[in-house]
Every structure is written in structure tokens, then in C-alpha cells.
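Reader: Hey, got a minute to walk me through this one? I'd like to start with the helices.

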Amino acid sequence: MRAAPRLPRALVVGALAAGAGCAAPVPPAPGDLDGLARYLFRYSEDEGATDAGAASLDAWLAENPPEGETGLRLTALSEEDVAGIPRPDGEPGDAIGAVAWAASPHDIDAHLELALYPHQSEVLPDEYSVWERTLTEGGDCFAARACDVLRTENEVLREFLPGIVVPYALLKNYRWAEYEGPDGQPREALVARGWVPEVSLTEDGVNGVLQSYHVDVLVQDPAGGTLRVQAQWGETKTALGDLLTEDFLLTTTLDGIHETFEATDAWLDARGG
């Protein structure tokens with residue numbers, strides 16, 4: 001099996017500077033889930049925007065609690081939304097977006113244990129034969145809330161279709177958000193942004209990842225545990241081509257998010273998290 005690619009150092013340096021060139025004032029956080037998903041991706045490197053976005057998302061979840069397998073289609077990302085990060089040359093508008101949300105019985109610190117864990121493939125081993133995570137910043141201080149940012153590099157081998165394994169690199173960064181909840185009490189949230197910096201294809205060039213962007217948010221649930229939201233925008237290349245409709249890809253993405261939610265809870269259950 002071919003090894004997963006190791007991320008070039010130049011791309012890592014570019015990722016650390018993501019968002020640094022945004023000189024325009026950050027606008028207020030929107031109140032709708034579609035707008036918030038794009039807002040949290042675009043302004044991930046801004047501490048104030050992350051706090052405001054998490055507060056707005058918490059308020060939205062209070063009005064829209066998860067019931068069953070909830071999910072929506074997202075508006076496409078724009079060039080401005082993905083500015084400042086090392087990424088493929090494709091049009092971000094070609095990446096299909098979906099968002100889902102669900103409750104978890106585990107608290108934020110239990111989920112943080114997974115964020116810090118090097119062997120991410122243990123959560124979904126049938127899909128990921130390799131998912132190794134390296135902490136490049138914040139590994140010694142993030143769990144204790146002594147620093148605000150955790151940065152990671154990830155080497156992944158994922159089975160996209162039966163027998164089709166695609167290697168790719170993934171950058172994923174986490175940030176603490178602090179804000180006042182809808183009940184007036186102080187709360188915290190864990191906000192993450194991830195993306196692939198390069199197009200990654202199988203050796204024959206037929207299957208692979210053209211673009212991938214995502215946002216994960218965990219907020220405290222007043223009833224206990226956490227409320228989690230995951231937004232994904234992706235563009236893939238497969239031998240099936242146009243046979244895979246946008247509706248099929250949307251449904252598959254939402255099913256995959258909920259599968260990940262369930263597998264994460266099972267992994268935490270097994271570890272006593």
C-alpha cells in the first residue's frame with residue numbers, strides 16, 4: 001500500500017499564516033446556520049470572530065435542537081472564504097457543502113481527548129486504514145486552556161470506494177471560544193477548521209480528492225454533554241464521473257457525518273470518556 005503523503009514544510013508555513021492578510025474589519029456573526037458555517041471557516045484565525053460565531057451558533061442550536069439525523073445543504077464557499085490558506089487551484093464553488101448537527105453524551109474534554117490523539121483511524125478503521133495526527137503547535141498547553149490554538153498535520157489513507165484507497169494530507173486546527181450563552185452564563189466551545197492543501201489522486205489519476213474543507217464545533221449542552229455541528233464542502237474525482245448526482249453526494253456526505261458522530265461516541269464510550 002502506498003504511504004500517505006507527508007505535508008511539505010512550505011505548506012505548513014502558509015497554513016500558520018492563514019487569515020493573517022485579512023485587513024478588512026470582521027463583520028458581525030450571522031444568525032443562520034448556513035452563514036455561520038462559512039463565517040467560522042473564513043474567520044477561523046480571528047479570536048473575536050470565533051467567539052462571536054460560537055455564541056451565535058449556540059443561540060441557533062437553542063432554537064433548533066437536534067432531532068434524529070438532521071442536516072442541510074450549504075451555500076458554496078467563495079474565493080474570499082478560503083483566502084490565505086494553501087489549497088488546490090480548483091473553484092471553491094465546485095465543492096458541494098452539507099452540514100449536520102447532533103447531541104453527544106460526552107463533554108468537551110472527552111472530545112478533546114480525541115482531538116489530541118495521534119491514531120485517528122481507530123474511530124472508523126474500516127474507512128481509514130491510516131490517519132496519523134501530529135501536533136505541531138499547542139500540544140503542551142491546549143488541553144489546560146493555557147493557549148488558544150492547537151494545530152495539527154494529518155497523514156490519511158481513506159477508502160473512498162470499495163477497493164479504492166486515496167492518500168492525502170490534511171491540515172486541521174482547533175481554537176477555544178469563550179462567550180456568554182443564551183442563559184447569560186459563561187460558556188466555552190471548541191471550534192476546528194480543516195482542509196486539504198493539495199489535490200490528491202490515486203496513481204492512475206482516476207479517483208481522489210480535488211478539494212475538501214470543513215468546520216467542526218462543539219458547544220456545551222446545558223442538559224449535559226455537548227452539541228456538535230460539522231460542516232463539509234468537498235469535490236472528489238471518481239471513475240463513476242457524472243453518474244454520481246449532486247443529490248446523491250449530498251446524501252452521502254450527511255450520512256457520513258452522522259456515521260462519524262456515532263463512531264466517535266462509541267470510541268469515547270470504549271475509553272470511558
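Reader: Which residues are buried in helix 3?

Author: This is a predicted model, and in it the buried residues of helix 3 are Ala49, Thr50, Asp51, Gly53, Ala54, Ser56, Leu57, Asp58, Trp60 and Leu61.

Reader: OK, and what do the buried residues of helix 3 pack against?

Author: They pack against helix 2 and several strands: strand 2 (96-104), strand 5 (164-180), strand 6 (186-195), strand 8 (208-220) and strand 9 (226-237).

Reader: Let's zoom in on one. Thr50, buried or exposed?

Author: Thr50 is buried, because its relative accessible area is 2%, and the cut-off for buried is under 20%.

Reader: What does Thr50 touch, leaving out residues up to four places away in sequence?

Author: With those left out, Thr50 is in contact with Leu40, Tyr43, Ser44, Arg175, Ala177 and Val191.

Reader: Back to helix 2 for a sec. At what angle do helix 2 and helix 3 cross?

Author: Roughly 155 degrees, and the axes of helix 2 (residues 33-42) and helix 3 (residues 47-63) come within 10 Å. The two helices are therefore roughly antiparallel to each other, since angles over 145 degrees count that way. Their crossing is left-handed.

Reader: Which residues meet there, between helix 2 and helix 3?

Author: From helix 2 you have Leu33, Leu36, Tyr39 and Leu40. They meet Ala49, Thr50, Ala52, Gly53, Ala54, Ser56, Leu57 and Trp60 in helix 3. By class, that contact of helix 2 with helix 3 has nine nonpolar residues, three polar and no charged.

Reader: Quick sanity check: how far apart are the end C-alpha atoms of helix 3?

Author: They are 25 Å apart, which agrees with the 24 Å that the 17 residues of helix 3 should span at 1.5 Å a residue.

Reader: Switching topic. How do helix 4 and helix 5 pack?

Author: Helix 4 (residues 108-115) and helix 5 (residues 246-271) pack at an angle of about 100 degrees, and their axes are 11 Å apart. So these two are roughly perpendicular to each other.

Reader: And which residues meet between helix 4 and helix 5?

Author: Ala110, His111, Glu113 and Leu114 in helix 4 meet Thr264, Asp265, Trp267, Leu268 and Arg271 in helix 5. That contact of helix 4 with helix 5 divides into four nonpolar, two polar and three charged residues.

Reader: Last one. Where does Thr253 lie, and what does Thr253 touch?

Author: Thr253 is in helix 5. Not counting residues up to four places away in sequence, Thr253 touches Ala98 and Gln232.

Definitions and conventions. Residues numbered from 1 in each chain as written. Predicted model: local features only at pLDDT ≥ 70, side-chain atom pairs only at ≥ 80, totals over all residues. Heavy atoms only, no water. Axes fitted to C-alpha atoms, helices over the stretch in contact; angles between N-to-C directions. Helix = DSSP H or I, 4+ residues; strand = E, 2+ residues; numbered from the N terminus. Parallel < 35°, antiparallel > 145°, perpendicular 65-115°, else oblique. Contact = heavy atoms within 4.5 Å. Nonpolar A, V, L, I, M, F, W, Y, C, P; charged D, E, K, R; others polar. Left-handed = near helix turned anticlockwise from the far one by under 90°. Expected span 1.5 Å × (residues − 1). Buried < 20%, exposed > 50% of the residue type's maximum accessible area, 1.4 Å probe, protein only.
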